[in-house]
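Student: I've got a model open and I'd like to go through the labels people put on it. Can you take me through how each one is earned?

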Amino acid sequence: MLSVLIEVGEEPGPLAASLLSLVPGAVEGMVRDVVVLDRGLGEEARAVAEEAGCRIAEGESMAGTISAARGEWLLLLCVGARLSPGWIEAVGNHFSFGHGAGPRPARFSRSWEGRGLSRFLDPFAWWSPPLSCGLILSKGQALSKAGNARSLADLAKGVASVRLDAAIRPYAAQP
């Protein structure tokens, strides 16, 4: 059903955190494959990706990477983002309630767990990068945007989406 695409750099920790939250989806058959886009992939991060059975996309065009994905739907994630335990059911409900031409693109709700008052005090809390809440879109939609895209964030920009009833916790580097 879903192919997960994640851009990964030097550090292995954020990749491991994202992959850990995807394991239940793989067990349930929701996640067909995970594609790691090499963005300066470090040796340890490469080892994590290989051990987890991820396909590593190196030097491929964005369209080539998307075409090779096994799922008809793509889940684009920022490295280190962690999906909440109820994400599988929320995505399943979204697909089962698709109308007409099928389900629309969707994003997760942002989890503010552990952020306390910073949610309200952060002057930029209203703005978030295009992938901060992930994005589920069809392979066809992604391919139509792939020509000009240099990153997954480029694919996510300007995509109208619905909000899923499940949370995503963006990666926050530890000081």
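Tutor: Sure, let's begin with burial: a residue is called buried when its relative accessible area is under 20%, and exposed when it is over 50%. By that rule, buried residues make up 45% of the 175 residues in the chain. Keep in mind that this is a predicted model.

Student: What does the chain have in the way of helices and strands?

Tutor: There are seven helices and eight strands. As for contacts between residues at least 6 apart in sequence, 80% of them join residues at least 24 apart.

Student: Let's try single residues. Why is L2 called buried?

Tutor: L2 has a relative accessible area of 0%, and the cut-off for buried is under 20%, so L2 is buried. This residue lies in strand β1, which covers residues 2-8.

Student: What does L2 touch, leaving out residues up to four places away in sequence?

Tutor: Quite a list, including M30, V31, R32 and D33. W73, L74, W87, F95 and I136 are among the others. There's also a long jump in sequence here: the C-alpha atoms of L2 and S138 are separated by 9.2 Å, with their positions 136 residues apart along the chain.

Student: How do you know whether S151 is buried or exposed?

Tutor: Put the number beside the limit. S151 has a relative accessible area of 17%, and buried needs under 20%, so S151 counts as buried. S151 sits in the loop between α6 (139-146) and α7 (152-156). Beyond residues up to four places away in sequence, S151 touches E7, R39 and M62.

Student: And what makes E44 buried or exposed?

Tutor: E44 lies in helix α2. Its relative accessible area is 58%, and the bar for exposed is over 50%, so E44 is exposed. The C-alpha atoms of E44 and E10 are separated by 7.8 Å, and the two residues are 34 apart along the chain.

Student: How do you know the class of L41, buried or exposed?

Tutor: The relative accessible area of L41 is 11%. Under 20% is what buried asks for, so L41 is buried. L41 is found in the loop between β2 (31-38) and α2. Setting aside neighbours within four places in sequence, L41 is in contact with V8, G9, V36, R46 and I56. The C-alpha atoms of L41 and P12, 29 residues apart along the chain, are separated by 8.7 Å.

Student: Why does S21 count as buried?

Tutor: S21 comes out at 11% relative accessibility, to be set against the limit of under 20%, so the label buried applies to S21. The place of S21 is in helix α1. Not counting residues up to four places away in sequence, S21 touches A81, R82, L83 and W87. The C-alpha atoms of S21 and G80, 59 residues apart along the chain, are separated by 9.7 Å.

Student: Now the helix packing. Why are α1 and α2 called roughly parallel?

Tutor: The axes of helix α1 (residues 12-27) and helix α2 (residues 43-51) come within 8 Å and cross at roughly 20°. Angles under 35 degrees count as roughly parallel, so that is the name for α1 and α2. As for handedness, α1 passes α2 in a right-handed crossing.

Student: Which residues make the contact?

Tutor: P12, L15, A16 and L19 come from α1, and E44, A45, V48 and A49 from α2. Sorted by type, the residues of this contact are seven nonpolar, no polar and one charged.

Student: How many aromatic pairs does the structure hold?

Tutor: One. W73 and F95 form that pair, with 5.0 Å centre to centre and 65° between the planes.

Student: What makes the W73 and F95 pair edge-to-face?

Tutor: Two checks. Ring centres must lie within 6.5 Å to pair, and planes over 60 degrees apart count as edge-to-face. With 5.0 Å and 65°, W73 and F95 pass both. The pair links distant parts of the chain, 22 residues apart: W73 is in strand β4 (residues 73-77) and F95 is in helix α4 (residues 87-96). Both W73 and F95 are buried.

Conventions:
Residues numbered from 1 in each chain as written. Predicted model: local features only at pLDDT ≥ 70, side-chain atom pairs only at ≥ 80, totals over all residues. Heavy atoms only, no water. Helix = DSSP H or I, 4+ residues; strand = E, 2+ residues; numbered from the N terminus. Buried < 20%, exposed > 50% of the residue type's maximum accessible area, 1.4 Å probe, protein only. Contact = heavy atoms within 4.5 Å. Phe/Tyr/Trp six-rings, centres within 6.5 Å; stacked < 30°, edge-to-face > 60°. Axes fitted to C-alpha atoms, helices over the stretch in contact; angles between N-to-C directions. Parallel < 35°, antiparallel > 145°, perpendicular 65-115°, else oblique. Left-handed = near helix turned anticlockwise from the far one by under 90°. Nonpolar A, V, L, I, M, F, W, Y, C, P; charged D, E, K, R; others polar.
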